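Student: I should like to work through the aromatic residues and the nonpolar interior of a protein. May we begin once the model is in view?

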Amino acid sequence: MWKDFFYYSRSERRVILLLLGSLVILCILWGVCRITQPSEQVYQEDSAEIDSFLASVRQRKTDDTKRKYAKDRFKEVPQAILFDFNPNTADSSQLRKLGLSAFVVRNILRYREKGGRFRTPESFAKIYGLEEQQYLLLKPYIRIPKEEDIRRLSSVEEARQQTKTEIKRIEKYPEGTLVSLNEADTTELKRVPGIGSGIAKLIVAYRNRLGGFTRVEQLQEVPHVDAGLNKWFVIKGGPFRKIRVNKDGLDKLRNHPYMDFYKAKAILEYRRKRGNIKGLSRLSLFEEFSEKDLQRLSPYLSFE
């Protein structure tokens, strides 16, 4: 009889199997939902935590940038020391002491270098980078003199410079003074009437090339020196430097005012082929040397 209880027809067995299959599928879906739901929740929680961390990093970076900017700006602009100043003449250190930034000071100096001039305090306010609050702070201390005052000051300065020039004017020697032509420096030469700074330098430079004057008349070999100056000079001592005919090279030989490249080359060729030159008589045989050349050179030649 119990067998009858568990006996099902074919259609009933199909329905039972279908129900069992559906139940298994529902159990599987429920288990999957239970497994995946905590993961999604964990993922959402982790994502929120990451977003919060990134936001705090960005905020910290923004705060650091603001602090750095404030620090740099404080460092850039020194504490102001207020005093009267003329924006047309104040130098960079004075402008910086007034509390102006290096950027504003640079703009002021560039404006002045290009010929710009501040004629009123309001024109100073137009400098690029100068804040209105800072200008209002400095305005009571801006002192720009009027044009007539500037012209008057310029006239006074010119008169002062002229007075200094007159004071510094070199006192000339009295008539009859004799100056050693080989010993006088430029300061002493400028005390001779008719000789200024330029001519004094020319005389000293020519004396150094020459090796010393042997005759006062040699002054006329210096440009712009006329014979009227000869009466002020006297020759003391001989040449202080001579030409070493048998030792000096091409450059030293031809550097002397009474020598040239061809004379120097003739001496070197003779030394190379025949040895040392014994005296002035040997040079007289060279076609490069005239009788006048030998007369002028004789005090300056050394055959050692």
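**Aromatic pairs and nonpolar cores**

Tutor: In this predicted model, one aromatic cluster is formed by Phe85, Tyr111, Phe118 and Phe124.

Student: How is the pair of Phe85 and Phe124 classed?

Tutor: The ring centres of Phe85 and Phe124 lie 6.0 Å apart. Planes over 60 degrees apart count as edge-to-face. The planes of Phe85 and Phe124 stand at 70°, so the pair is edge-to-face.

Student: How many residues apart are Phe85 and Phe124?

Tutor: Phe85 lies in the loop between helix H2 (10-76) and helix H3 (92-97), whereas Phe124 belongs to helix H5 (residues 121-124). Both residues are buried. The pair links distant parts of the chain, its members being 39 residues apart.

Student: Is Phe289 buried or exposed?

Tutor: The cut-off for buried is under 20% relative accessible area. Phe289 has a relative accessibility of 6%, and therefore counts as buried.

Student: Which helix gives the most residues to the largest nonpolar core?

Tutor: This core has 38 residues, and those with the most contacts inside it are Ile195, Ile203 and Phe233. Helices H9 (197-210), H11 (261-274) and H13 (291-297) each supply at least two of its residues. With six residues, the helix that gives the most is H9.

Student: How many residues does the second, separate core have?

Tutor: Its members include Leu95, Phe118, Leu130 and Ile142. Phe118 also belongs to the aromatic cluster with Phe85, Tyr111 and Phe124. The size of this second core is 15 residues.

Definitions and conventions: Residues are numbered from 1 along each chain as its sequence is written. This is a predicted model: local features need pLDDT of at least 70, side-chain atom pairs count only at pLDDT 80 or more; totals for chains, interfaces and linings use all residues. Side-chain values use heavy atoms; hydrogens and water are left out. A nonpolar core is a set of buried Ala, Val, Leu, Ile, Met, Phe, Trp, Tyr and Cys residues joined through side-chain atoms within 4.5 Å. Buried means under 20% relative accessible area, exposed over 50%, partly exposed in between (1.4 Å probe, protein chains only). Helices (H or I, at least four residues) and strands (E, at least two) are DSSP runs, numbered from the N terminus. Rings of Phe, Tyr and Trp (its six-membered ring) pair if their centres lie within 6.5 Å; planes under 30 degrees apart count as stacked, over 60 as edge-to-face and the rest as tilted.
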